[in-house]
Amino acid sequence: MTGTPRNSSDAPVRSLEDLLRYFHEGVKTPAQWGIGLEYERIGLDATTARAVPYSGPRGIEAILGAMAEKFGWTPDLEKGRIIGLDRGETHVSLEPGGQFELSGRVHGDIAGMQSELAMFLRESGSICEPMGITLSPIGLHPVTPVEEIEWVPKGRYAIMAPFLRARGRLAHHMMKATAGVQLNFDYGSEEDAMEKLRVAMALSAVTTAASANSPLYAGKETGYLTRRAHIWTETDPARCGLPEFAFRDGQTFRDYAEYALDVPLLFVRRDGRWVDMEGIPFRTFLSEGRHGIAATEADWLLHLTTIFTEVRLKTYVEVRGLDSVPPALAIALAVLWKGILYDGTARRKAWDLVSRFDHPERLRFFDDVARLGPAARLGDATAGELATELVSIARDGLRRICGGSDLPPCAAGEDELLGPLEASLAEEGGCPAFRLVEAWRGGLSERPGRIACCFAREEQAFLSVLESGAAPDAAGAGRTGCSGAE
């Protein structure tokens, strides 16, 4: 979830053509393409692994305030409370349960993304560690029940909470207890955008399986390797999941806009206030208005941020279906998607892996991935096997990108950053969740506070690798460094 889109306009919109203009403005030449990372982490008490509250001297707001004071961030305030940070084109926002989200600037190559992420990790870590807190890369709060997690005091969340709770029994779990990774990619034309949307939507369950990292909740095993993915299926069917239209041939911006027009409208913002729109379709708001308010471009852009499909369209294509994972694995997944989406040959080969399946088969696969992770099957292949094939396809795509001209920016050796993902897939279980469950059964359940330590050594390895210039998998990055017996 993001706030009001930046650079949006109060200009009125009166027709579908006005809405389509936004998507067309996203078209860029390949030389202008970049990658954006949105990286969420969950605040845990380093001793108990319980949720860190928003309020109080050891709360999320206090962490944000300390980061602003020490590192020159500008606080983002709502009614006098800190709800985020800004520094140039880099932003930190809060999800409803206090989850941190780093929204990085657009990077031409992966090195810049790594450096920005490393700076955030060092800065936040220097504040959190003395407070006995860790911002953990895990997809779901492992110990604290959702009812005991404090709400962040954002006006939009006060509207979203009751509306979504009426639509899905796990909506508040999604809002307050989950964390993920989102990756943003540019497009060169309407056809290019819709092809990328289709391919990413078709393959998203495969990378969801590879990133599975949410097997625990309320101090127990859940029976899912990525319960985060399952939670989204019980949030709001009108705005989540894998919409069938995205897989049809010849889709256009108009098709996506027609879908978005029928998604219930949650709110708009006027004069600094969040206005409850009571779930009317945006189509109705566009034609009739509401509460004496007429639709604007800013309303449309804000509405698009409340569509939570596994992949969504803005002025870029956003791949959303990933659990929060340790940084080296998050970077590896970004590299994987770059190699697939930014190379036409790779994109076609990736689509060929899954193009023959119908929509019910895709939905069953998604449900199986939530439970089984890489062991879920689509046809005669497991998700783990498909992910391994995608690594190979992406590596070839990256080499073509890096060796070509008039192509997206690329640095030599970016394909080596796939190493942590490759190593994770090769290990038993093929995902962080499997290894976390093993640790839980091996004694971690008796010392849940060590969950916060499970990922700390991986983070340190990631930072050390960047400082040393070693190969990205040299320190075992991407593998859960957690043992309940320690």
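**A quick look at helix α11 and its surroundings**

Helices α11 and α14 sit roughly perpendicular to each other. What you're looking at is a predicted model. Helix α11 makes a handy starting point for a tour, with α3, α12, α14 and α15 coming up along the way. After that come the nonpolar cores and a few single residues.

**Where α11 meets α14**

- Helix α11 covers residues 327–341 and helix α14 covers residues 383–403, and their axes come within 7 Å of each other.
- The two axes cross at roughly 65 degrees, and angles from 65 to 115 degrees count as roughly perpendicular, which is why this pair gets that label.
- If you're keeping track of handedness, the crossing of α11 and α14 is left-handed.
- On the α11 side, the residues that meet α14 are V335, L336, K338, G339 and I340. Their partners in α14 are L390, V391, A394, G397, L398 and I401.
- Sorted by class, this contact between α11 and α14 has 8 nonpolar, 2 polar and 1 charged residues.

**Where α11 meets α12**

- Helix α12 (residues 344–354) packs against α11 at an angle of about 100 degrees, and the axes are 6 Å apart.
- That angle makes α11 roughly perpendicular to α12.
- From α11, the residues involved are G339, I340 and L341, and they meet A346, R347 and A350 in α12.
- The contact between α11 and α12 splits into 4 nonpolar, 1 polar and 1 charged residues.
- G339 and I340 are worth finding in the model, as they meet α12 and also meet α14.

**Where α11 meets α3**

- Helix α3 (residues 110–128) packs with α11 at about 155 degrees, with 11 Å between the axes.
- That makes α3 roughly antiparallel to α11.
- The crossing of α3 and α11 is right-handed.
- I110, M113, Q114, L117 and L121 are the α3 residues here, and they meet P327, I331, A334, V335 and K338 in α11.
- The residues in the contact of α3 with α11 divide into 8 nonpolar, 1 polar and 1 charged.
- V335 and K338 do double duty: they meet α3 and they also meet α14.

**The covered helix α15**

- Helix α15 (residues 419–426) is mostly covered, with 6 of its 8 residues buried.
- Those buried residues are G419, P420, L421, A423, S424 and L425.
- What do they pack against? The buried residues of α15 pack against α6 (190–210), α11, α14 and α16 (432–441).

**G384, a glycine in α14**

- G384 belongs to helix α14, and its relative accessible area of 14% makes it buried.
- Setting aside neighbours within four places in sequence, G384 touches P374 and L425. L425 is one of the buried residues of α15.
- G384 and A210 are 174 residues apart in sequence, yet their C-alpha atoms are 6.8 Å apart in space.

**The nonpolar cores**

- In soluble globular proteins, nonpolar side chains tend to be buried together.
- The largest nonpolar core in this model has 150 residues. F23, F100 and W300 have the most contacts inside it.
- Leaving out neighbours within four places in sequence, F100 is in contact with a long list of residues, among them Y39, I60, L64, M67, V92, F120 and L135. E40, R41 and S93 are also in contact with F100.
- There's a second, separate core too, with 14 residues, including V143, A179, L444 and C454.

**Two residues with positive phi**

- Most residues other than glycine have a negative phi.
- E278 isn't a glycine, but its phi is positive, at about 60 degrees. You'll find E278 in the loop between β12 (273–276) and α9 (282–288).
- With a relative accessibility of 46%, E278 counts as partly exposed.
- H291 also has a positive phi without being a glycine, at about 55 degrees. H291 sits in the loop between α9 and α10 (297–304).
- Is H291 exposed, partly exposed or buried? At 48% relative accessibility, H291 counts as partly exposed.

**An exposed alanine**

- A158 is part of helix α4 (residues 155–167), and at 55% relative accessibility A158 counts as exposed.
- A158 and I60 are 98 residues apart along the chain, with 18 Å between their C-alpha atoms. I60 is one of the residues in contact with F100.

Notes
Residues numbered from 1 in each chain as written. Predicted model: local features only at pLDDT ≥ 70, side-chain atom pairs only at ≥ 80, totals over all residues. Heavy atoms only, no water. Axes fitted to C-alpha atoms, helices over the stretch in contact; angles between N-to-C directions. Helix = DSSP H or I, 4+ residues; strand = E, 2+ residues; numbered from the N terminus. Parallel < 35°, antiparallel > 145°, perpendicular 65-115°, else oblique. Left-handed = near helix turned anticlockwise from the far one by under 90°. Contact = heavy atoms within 4.5 Å. Nonpolar A, V, L, I, M, F, W, Y, C, P; charged D, E, K, R; others polar. Core = buried A, V, L, I, M, F, W, Y, C linked by side-chain atoms within 4.5 Å. Buried < 20%, exposed > 50% of the residue type's maximum accessible area, 1.4 Å probe, protein only.
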